[in-house]
Amino acid sequence: MASHYEAPIRRPLVTGEKSYHDVTVDVARPVEGKASRAWWIVFNISLVAFLWGVGCIIYTISTGIGVWGLNKTVNWAWDITNFVWWVGIGHAGTLISAVLLLFRQKWRMAINRSAEAMTIFSVIQAGLFPIIHMGRPWLAYWVLPIPNQFGSLWVNFNSPLLWDVFAISTYLSVSLVFWWTGLLPDFAMIRDRAVRPFQKKIYSLLSFGWSGRAKDWQRFEEVSLVLAGLATPLVLSVHTIVSFDFATSVIPGWHTTIFPPYFVAGAIFSGFAMVNTLLIIMRKVCNLEDYITVQHIELMNIVIMITGSIVGVAYITELFIAWYSGVEYEQYAFLNRATGPYWWAYWAMMTCNVFSPQFMWFKKLRTSIMFSFFISIVVNIGMWFERFVIIVTSLHRDYLPSSWTMFSPTFVDIGIFIGTIGFFFVLFLLYSRTFPVIAQAEVKTILKSSGERYKRIRESGESLVGTGADERTSNLNAAVIQETSSSDSDAADNSEKVNNLLGTIGTFNAETETADDLKKISGVGPKMEEVLNSIGIYTFLQVSKMTKREYDLLDAITGSFPGRAERDDWAGQAKNLLNN
């Protein structure tokens, strides 16, 4: 009988048995290296869509809103549908990151950066439609309560549309600060690895002087928690205000108290689906399969399944309340949605939003990457149809049959919408080439969860230093190595290690070679340079030949800062210095 119970180690959130150095290299690769072929294919498709949208916007502004499919009855249609759709997607991004941070969920660390970036870029797309809809976008500043050329003419604070301006601008500001704060350690990492002076200067400015001190990390965690606490209720309030655009009216199908929670649930639903879409694309385009794992996709699918069920309950509640109210106009509004001219849009909404997420009850399906990608696209389509059904089917038939009319989008309507999708992906792909898409500093804190590997190393009696294992164990082993190295008086053994090291990287000949300034390598100071010179290492060429074996030998010889040379990638830095 076992003397104690040992809990099973959880499935690793980072696969591939990564070291701290591997995480840094993998996260920095999309920023430092050349774009992959897949990235260029997706970027070019997005750019073409974006340019088409720009052309349609220019045509709209130069000709007038009449080029859209709006008419006397349906004066809200495609543009507001797209506006609410993009706002819904945007609101989930920061909420995902903030809520998972507050609940200390470790699996957030691979998805939070993409979710937060999605928020910023989605809100930008949403903001385009009200500005264009004004007809004179150069006067967009009139929506702000600031003195203008009309003197005391102020905006109408009773209008829900004005509430949108304040809510969304506030949400965008908080989301931007939350996103940027999380990026600071990664900007500093790119700064320290940068070889070109211009690149180093840019990332120095972006990192706001981040040095990685304990005080920096303390403030970072405090600010992150405060911003997460602010963002969470802000998400609920903002999409509640968006729902007031409809709920405060007296139009049948809109005037209902379920709209605020219904819109919030729908926003989270569509947002998780879009994050899932982006994660599946980014893991392929940026080669991040070891960080954005099937487990992450599965957990996202579970949330999609739950929120899809909540949205389904909201749909049923709407139908029940319309019947229970006894108001014939409300009853007809919902009957018209299901059986009227736009029945196809209503049933597309029901199929995509209510029925398709139920496939995620089956583990085999929710762990399939291709099926998850398909369902995430289907859900986004369904949530667009939901907004279309709410807006158009409630307006195209009102109290007077003589004013009934149909809405059909023009090529300009469709072009602007496709253009915003292209613009969104252009921004996201450019972001993936300039900003780290994985929070590398946070991911390193969960390497200790990477399961059986550490259990196997621990049982074999090997050192866990540099493997990303439990921090306390790593520090203890590092201290043991340092103490052993410093107290080792066996010169012959040390000499053998030095000979093995120099035998691989080569020796230095003072008569034919010139010593390099090793202090140019990040992590090598004057003291460390003296230590390296005492061993016989004088040139960048010698350092560039170091691999895992040489790093370990160097650690054993010097006994100081175990694993630092590998983490800072001295060999890679030396190669860059040689090339320059």
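Glu 550 is buried, with a relative accessible area of 2%, and its side chain meets that of Arg 549 in a salt bridge with an N to O distance of 3.2 Å. The structure described here is a predicted model, and across it there are nine salt bridges and 55 aromatic pairs. The points below take up some of these pairs, together with two arginines placed over rings and one buried serine, Ser 243.

**Salt bridges**

- Within the pair of Glu 550 and Arg 549, the two partners fall into separate accessibility classes, since Glu 550 is buried at 2%, whereas Arg 549 counts as partly exposed at 43% relative accessibility.
- Glu 386 and Arg 387 also join their side chains in a salt bridge, with 3.6 Å from N to O. Glu 386 has a relative accessible area of 1% and is therefore buried, and Arg 387, at 2%, is buried as well.
- Glu 529 forms a salt bridge with Lys 519, in which the closest N and O atoms are 3.1 Å apart. This pair links distant parts of the chain, for Glu 529 belongs to helix H19 (residues 526-535), while Lys 519 sits in the loop between helix H18 (491-505) and H19, 10 residues away in sequence.
- Of these two residues, Glu 529 is buried with a relative accessible area of 13%, which is under the 20% limit for that class, whereas Lys 519 counts as partly exposed at 38%.
- Glu 298, Lys 363 and Arg 366 are joined to one another in a network of salt bridges.

**Aromatic pairs**

- Among the 55 aromatic pairs found in a search of the whole structure is the one formed by Phe 320 and Trp 323, which is tilted, with 5.8 Å from centre to centre and 45 degrees between the planes.
- Phe 320 and Trp 323 both lie in helix H9 (residues 294-325), and because they are three residues apart there, about one helical turn separates them. Phe 320 is partly exposed, with a relative accessible area of 43%, while Trp 323 counts as exposed at 58%, a value over the 50% that this class requires.
- The rings of Trp 344 and Phe 385 have centres 6.2 Å apart and planes at 90 degrees, so this pair is edge-to-face. Trp 344 is part of helix H11 (residues 343-355) and Phe 385 is part of helix H13 (residues 369-395), so the pair ties together parts that are 41 residues apart in sequence.
- In that edge-to-face pair, Trp 344 is partly exposed, with a relative accessible area of 39%, whereas Phe 385 is buried, with a relative accessible area of 17%.

**Charges over rings**

- The charged end of Arg 337 sits over the ring of Phe 334, at a distance of 4.7 Å from the centre of that ring.
- Arg 433 is placed over the face of Trp 39, where the distance to the ring centre is 5.9 Å.

**A buried serine in helix H7**

- Ser 243 lies in helix H7, which covers residues 214-247, and with 0% relative accessibility Ser 243 counts as buried.
- When neighbours within four places in sequence are left aside, Ser 243 is in contact with Phe 259, Pro 260 and Phe 263.

Technical notes. Residues are numbered from 1 along each chain as its sequence is written. This is a predicted model: local features need pLDDT of at least 70, side-chain atom pairs count only at pLDDT 80 or more; totals for chains, interfaces and linings use all residues. Side-chain values use heavy atoms; hydrogens and water are left out. Helices (H or I, at least four residues) and strands (E, at least two) are DSSP runs, numbered from the N terminus. Buried means under 20% relative accessible area, exposed over 50%, partly exposed in between (1.4 Å probe, protein chains only). Contact means heavy atoms within 4.5 Å. Rings of Phe, Tyr and Trp (its six-membered ring) pair if their centres lie within 6.5 Å; planes under 30 degrees apart count as stacked, over 60 as edge-to-face and the rest as tilted. A charge sits over a ring if NZ of Lys or CZ of Arg is within 6 Å of the ring centre and within 35 degrees of the ring normal. A salt bridge is a side-chain nitrogen of Lys or Arg within 4 Å of a carboxyl oxygen of Asp or Glu.
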